[in-house]
Amino acid sequence: MPDREGAPSRAWQRMLSGRRLDLLDPSPLDVEIADIAHGLARVARWNGQTRGDHAYSVAQHSLAVEHIVGRIVPGCSPMLRLATLLHDAPEYVIGDMISPFKRVLGGNYKAVEARLEEAIHIRFGLPAQLARTMHAKIKRADMISAYYEATQLAGFSEKEATTYFGRPRGFSPDGLDLTPLPVADIQALYLARFAEVQAAFEAECNPRKKKA
């Protein structure tokens, strides 16, 4: 919705938690997991062009990628799992733009996304910028998920999906359920899984708390 004529321009979004998130200079203090889960459960992957009675949401995709990274990374750490659950978290603000459109928009989009990602990471105790090795592991899991989403949900042929996402190697889709779920269900599942992973991450960072 455009600003009223004559009103000062606005670069922030009001969240349902009551937080006011500044998109130009986002503060970690204005980031809430409830807002992230609410938004991601309502943002559709593939611009909504997926099979099923419900949209396949970014929240459900994030859970799928976390499931995959846990299978492809031996001894997957809570930090890696937490970073994976949050790998698309900026999309609770900016939406899930398909890759071709991101290329059209260019650097401005990436700059906004990067600032949001850093604020989200700091809010939940992660490094502002992930190590390249960690990022690479998440990216591999993300591409595996994208391949199966493309072929099972988005109408891609296996040849076409392989061209854009690569054919997954060393991973079986057995146990990977991509059936799109209702918004309320996936929002609750995302929050529950986040709580589990965050608790494990905090215990890892604070061994005394873990022993207690």
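Is Trp46 buried or exposed? Trp46 is buried, because its relative accessible area is 16%, and the cut-off for buried is under 20%. Keep in mind that this is a predicted model. The chain has 10 helices and two strands, and buried residues make up 41% of its 212 residues.

**Overall layout**
- Going along the sequence, you meet the two strands and then the helices, in the pattern β-β-α-α-α-α-α-α-α-α-α-α.
- Take the contacts with a separation of 6 or more: 66% of them join residues 24 or more positions apart.
- The accessible surface of the chain adds up to about 11900 Å², and carbon and sulfur atoms account for 53% of that.

**Helix α1 and the loop after it**
- Helix α1 covers residues 33-40, and six of its eight residues are buried, so the rest of the structure largely encloses it.
- The buried ones in α1 are Ile33, Asp35, Ile36, Ala37, Gly39 and Leu40.
- Back to Trp46: you'll find it in the loop between α1 and α2, with a positive phi near 60 degrees.
- Asn47 is in the loop between α1 and α2 too, and its phi is also positive, near 55 degrees.
- Those phi values are worth a look, because most residues other than glycine have a negative phi.

**The largest nonpolar core**
- This core has 56 residues, and the ones that touch the most other members are Val31, Ile36, Leu86, Tyr92, Ile120, Phe124 and Tyr190.
- At least two core residues come from each of α1, α2, α3 (78-85), α4 (91-94), α6 (107-123), α7 (132-152), α8 (158-165) and α9.
- Ile36, one of the buried residues of α1, touches Val31, Leu86, Ala89, Tyr92, Ile120, Phe124 and Tyr190, leaving aside residues up to four places away in sequence.
- As a general point, nonpolar side chains tend to be buried together in soluble globular proteins.

**The second largest pocket**
- This pocket has a volume of about 290 Å³.
- Its lining has 15 residues, with Gln60, Leu63, Ala64, Asp177 and Leu189 lying nearest the centre.
- Helices α2 (58-72) and α9 (183-205) each bring at least two residues to the lining.
- By type, the lining splits into seven nonpolar, four polar and four charged residues.
- Both α2 and α9 therefore turn up twice here: each supplies at least two residues of the largest nonpolar core and at least two of this pocket's lining.

Note on methods. Residues are numbered from 1 along each chain as its sequence is written. This is a predicted model: local features need pLDDT of at least 70, side-chain atom pairs count only at pLDDT 80 or more; totals for chains, interfaces and linings use all residues. Side-chain values use heavy atoms; hydrogens and water are left out. On a 1 Å grid over the protein atoms alone, a cavity is a set of points where a 1.4 Å probe fits but cannot get out, and a pocket is an open set with protein on both sides within 12 Å along at least five of seven lines; lining residues have an atom within 4 Å of a point. Grid points are joined across faces, edges and corners, and a volume is the space filled by probe spheres set on the points. Helices (H or I, at least four residues) and strands (E, at least two) are DSSP runs, numbered from the N terminus. Ala, Val, Leu, Ile, Met, Phe, Trp, Tyr, Cys and Pro count as nonpolar, Asp, Glu, Lys and Arg as charged, and the others, Gly among them, as polar. Buried means under 20% relative accessible area, exposed over 50%, partly exposed in between (1.4 Å probe, protein chains only). A nonpolar core is a set of buried Ala, Val, Leu, Ile, Met, Phe, Trp, Tyr and Cys residues joined through side-chain atoms within 4.5 Å. Contact means heavy atoms within 4.5 Å. Accessible areas come from the Shrake-Rupley method with a 1.4 Å probe; for residues, only the protein chains shown count as cover.
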